[in-house]
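Here are some short exercises to work through with the model open beside you. Try each task before reading its solution.

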Amino acid sequence: MSMHGLGAWLVLSSGYSNYWNNEFNILTILLMDELNYSACHSLCKGKAKSKSGINNLKGHHMTRTSSSLVSKFKFFLLSAVAAISMVAVPGISAADTVANSVIGARGYDLTTFFTSEKPAHGTGHHVATIDGVDYLFASEENKKTFLANPEKYLPAFGGYCAYGASIGKKFVADPDVYDIVDNKLYFNLDTKIRAIWAKDIPGNINIAKTNWKIIASKKPSEL
């Protein structure tokens, strides 16, 4: 494998970070074979013309030389991978990668909570991003409807459990356990929590609104 070939391989592989470990192991094996051959050929050509000389080289000098070269090549390869990973590819930011994608409402099309008997999931073909959160929609029309008035469709309290907000907490909510009160969408943790919340919906909402002013910017682990 030439240096040009290796450079091309590194560039082409930079978009597939999840496969680096496997590719690195395979490349290392290939390099071991090539370096062992190259070291043997070079050393034997200048220093060992006899069979016994070649055996001595194989048993000592060649092994140390090839190991050293491989170690240096590993260091070079890892450095190159790290450098490529840190370089921003034109048109792509960290927030655009799958690893950093945050899907809101577990992928449900928020408009369908208001327009359908049962909410439906959206798809990756119709995505709107609000405050770093990606919301999926079942159609381009639904996406446009949402973007025309996001606040109307976004769940209260950032999509966290409505009851949790009323006691100053941020609990992960289940979009399947929802209510629409005064044209506003509310999620709850589960049906049991919803039953507690439902005992005084107006009161719990008012308390949650007051609490939200304090906890909105805090992490769940801080509460």
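**Exercise 1.** Decide whether D131 is buried or exposed.

*Solution.* Start with the relative accessibility of D131, which is 78%. Next, apply the cut-offs: buried means under 20% relative accessible area, exposed over 50%, and partly exposed lies in between (1.4 Å probe, protein chains only). D131 therefore counts as exposed. Finally, locate D131: it sits in the loop between strand 1 (123–130) and strand 2 (133–137). Strands here are DSSP runs of E with at least two residues, helices are runs of H or I with at least four residues, and both are numbered from the N terminus.

A word on the source: this is a predicted model, where local features need pLDDT of at least 70, side-chain atom pairs count only at pLDDT 80 or more, and totals for chains, interfaces and linings use all residues. Residues are numbered from 1 along each chain as its sequence is written, and side-chain values use heavy atoms, leaving out hydrogens and water.

**Exercise 2.** Find what the sign of phi is in D131 and in N183.

*Solution.* Recall the background first: most residues other than glycine have a negative phi. For D131, phi is positive, near 50 degrees. For N183, also not a glycine, phi is positive at about 65 degrees. N183 lies in the loop between strand 3 (174–181) and strand 4 (184–188), and N183 is exposed, with a relative accessible area of 61%.

**Exercise 3.** Work out how far apart G158 and F187 are in space.

*Solution.* Place G158 in the loop between helix 7 (150–153) and helix 8 (162–166). Along the sequence, G158 and F187 are 29 residues apart. From C-alpha to C-alpha, G158 and F187 are 9.6 Å apart.
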